[in-house]
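Me: I am new to this structure and should like to go through it by question and answer. Please show it first.

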Amino acid sequence: MAELTLGTVIGPFTILEAMPTGSGGMSLVFVASVNHRALSNVESLPDKVALKIARVLPLDRIDSPEQAFYFEALNNEVETLKRLRHPNITRVFPIPRGLPRNPYTTRASELDGSPWICALEYLGGGSLDRRLKNRGTLSLDESLETAYQIGLALDHIHAKGMAHLDLKPDNILFRYPVEDDWHAGLFQPVLIDFGIAAKMSKTAPQAGSLAFMPPERIRLMRGEIASEGYADPSKADVYGLGVLLYRMLTGSLPFEGLPREELAEAILKNSPRSSRQINPSVPPRVDEIILSALEKEPDARPRIEEMITRLDEAMVTHPPAPPGARARVQARLPAPTLFSISVVVSLILVICFAVSFALGLFASTSITNIQKPAPTLITTEFVIDTPTPDRRTPTLTLPTLAASPTPLPPTGTPTPVLPITTPTPTG
């Protein structure tokens, strides 16, 4: 195939630049703009797409099984993505001149060999592979969040009766750029490259990254087991997710720096070092999740739904969400639970208001009673003389109000009003 250059036009698409991420041995991926004026029925396409073009071999090999495999891989990816719609899975768009039976693919007659092409969602946030190369390792919270969201994508794929089978950092892109100071606000890893998904794993078992490949797929590649014995390919995705989490937390793969054949033997026979041996900050619970996903036998590994549940629990307990991050637990509560909580909180607020009002009313009444004293009775003694000299003078006590005049003198006849005297100046 002739080399594509900046400005090459393929139907309504104009090549802007090559994308290193997503390109591989079977296809090339380019960033392309969409000419909305070229055709009238192209409005559904975004302004920019990732244009995937199947690799074309030289003319003397154009009819080889290898070339047929490249074309089949692209069409298999489109057939798979047509059935999937998930925020953590790349989208495929119908294109204007696609075939009636499959409007998502067409052949680029402008290029040598007329390769098959498809238009995928453009993801401009970079790749996980590049982020790992720049940083070495990722924080615990970012690693768990990445594994959790990719696990959600795998769960959706498995529910459709398929498996991805090529999980690795190159095949995970970010929808939005990830800042160095990571936070979960706009963090959205997206799984791409479904060329060997599902049935392709049986027709082309040699495809895929060996470092992320489970033992059963290596045995399948070697012919040690028949494709019929490869009963549950979804467990291969669980293994790949375990390797991915191991790589993010430790900065290395479970079996690092080995030639291809030795690497295959190590995957088949050896146990990897614990992630805690390499990174002591990895919590024991997370280390257990990784080791369970890397079990040699597929039946010993958890299913993907169990895996994501354990990852979610680990995110709640280790560590708390960073400042500004989304409230992960609250965001995942179902609507009925949130409604129930809001009702309970409202009732509590009403009860607290009623109690506060009653206490305030009681306190106000008490203070009023304290500040308004009852009338006080003051006694004044009136002494009545008696002719009997040998008896004590009896005392008659009569009540008077506090506002009464000054008490009378203790002896003599009671006088209602005291006489007013004016002092006589002396000298």
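**Salt bridges, burial and contacts**

Me: Which side chain meets that of K269 in a salt bridge?
Reply: The model discussed here is a predicted one. In it, a side-chain nitrogen and a carboxyl oxygen lie 3.0 Å apart in a salt bridge that K269 makes. The two residues are 4 apart in helix α7 (residues 260–269), so about one helical turn separates them. The partner of K269 is E265.

Me: Is K269 buried or exposed, and how does E265 count?
Reply: A residue is exposed when its relative accessible area is over 50% and buried when that area is under 20%. K269 has a relative accessible area of 63%, so K269 is exposed. E265 has 29% relative accessibility and therefore counts as partly exposed.

Me: Which residues are linked with E265 and K269 in a network of salt bridges?
Reply: The count of salt bridges comes to 14. A network of such bridges includes E265 and K269. The other residues linked in this network are R222, E224 and E261.

Me: Which residue forms a salt bridge with K52 at 2.7 Å, N to O?
Reply: K52 lies in strand β4 (residues 48–54), and its partner lies in helix α1 (residues 65–81), 25 residues apart from it. The pair links distant parts of the chain. Both residues are buried. The residue that meets K52 at 2.7 Å is E77.

Me: How many residues apart in sequence are the parts that D193 and K52 tie together?
Reply: The closest N and O atoms of D193 and K52 are 3.6 Å apart, and the two form a salt bridge. D193 belongs to the loop between β9 (189–191) and α4 (200–203), whereas K52 is in strand β4. D193 counts as buried because its relative accessibility is 15%, and K52 is buried with a relative accessible area of 4%. The parts tied together are apart in sequence by 141 residues.

Me: What is the separation of the C-alpha atoms of L120 and L81?
Reply: L120 is found in strand β7 (residues 116–121) and is buried, with a relative accessible area of 8%. Beyond its neighbours within four places in sequence, L120 is in contact with several residues, among them K52, E77 and L81. L120 and L81 are 39 residues apart along the chain, and their C-alpha atoms are separated by 9.6 Å.

Me: How many residues of α6 are buried?
Reply: Helix α6 reaches 25 Å from its first C-alpha to its last, close to the 24 Å expected at 1.5 Å a residue. G251, whose phi is positive, near 80 degrees, follows the helix. α6 is mostly covered, and the number of its 17 residues that are buried is 17.

Me: Which residue has the nearest side chain of opposite charge to D237?
Reply: D237, in helix α6 (residues 234–250), is buried yet has no salt bridge. A salt bridge requires the nitrogen and oxygen to be within 4 Å, while the nearest side chain of opposite charge is 7.5 Å away from D237. That side chain belongs to R217.

Me: Which residue has its backbone nitrogen 2.9 Å from a polar atom of the side chain of D237?
Reply: Leaving aside neighbours within four places in sequence, D237 is in contact with residues including L154, H158 and L167. The backbone nitrogen that lies 2.9 Å from a polar atom of the D237 side chain is that of H164.

Technical notes
Residues are numbered from 1 along each chain as its sequence is written. This is a predicted model: local features need pLDDT of at least 70, side-chain atom pairs count only at pLDDT 80 or more; totals for chains, interfaces and linings use all residues. Side-chain values use heavy atoms; hydrogens and water are left out. Buried means under 20% relative accessible area, exposed over 50%, partly exposed in between (1.4 Å probe, protein chains only). Lys and Arg count as positive and Asp and Glu as negative; His and the chain ends are not counted. A polar contact is a pair of N or O atoms within 3.5 Å; within protein, one must be able to donate a hydrogen and the other to accept it, and residues adjacent in sequence count only if both atoms are side-chain atoms. Contact means heavy atoms within 4.5 Å. The expected span of a helix is 1.5 Å times one less than its number of residues.
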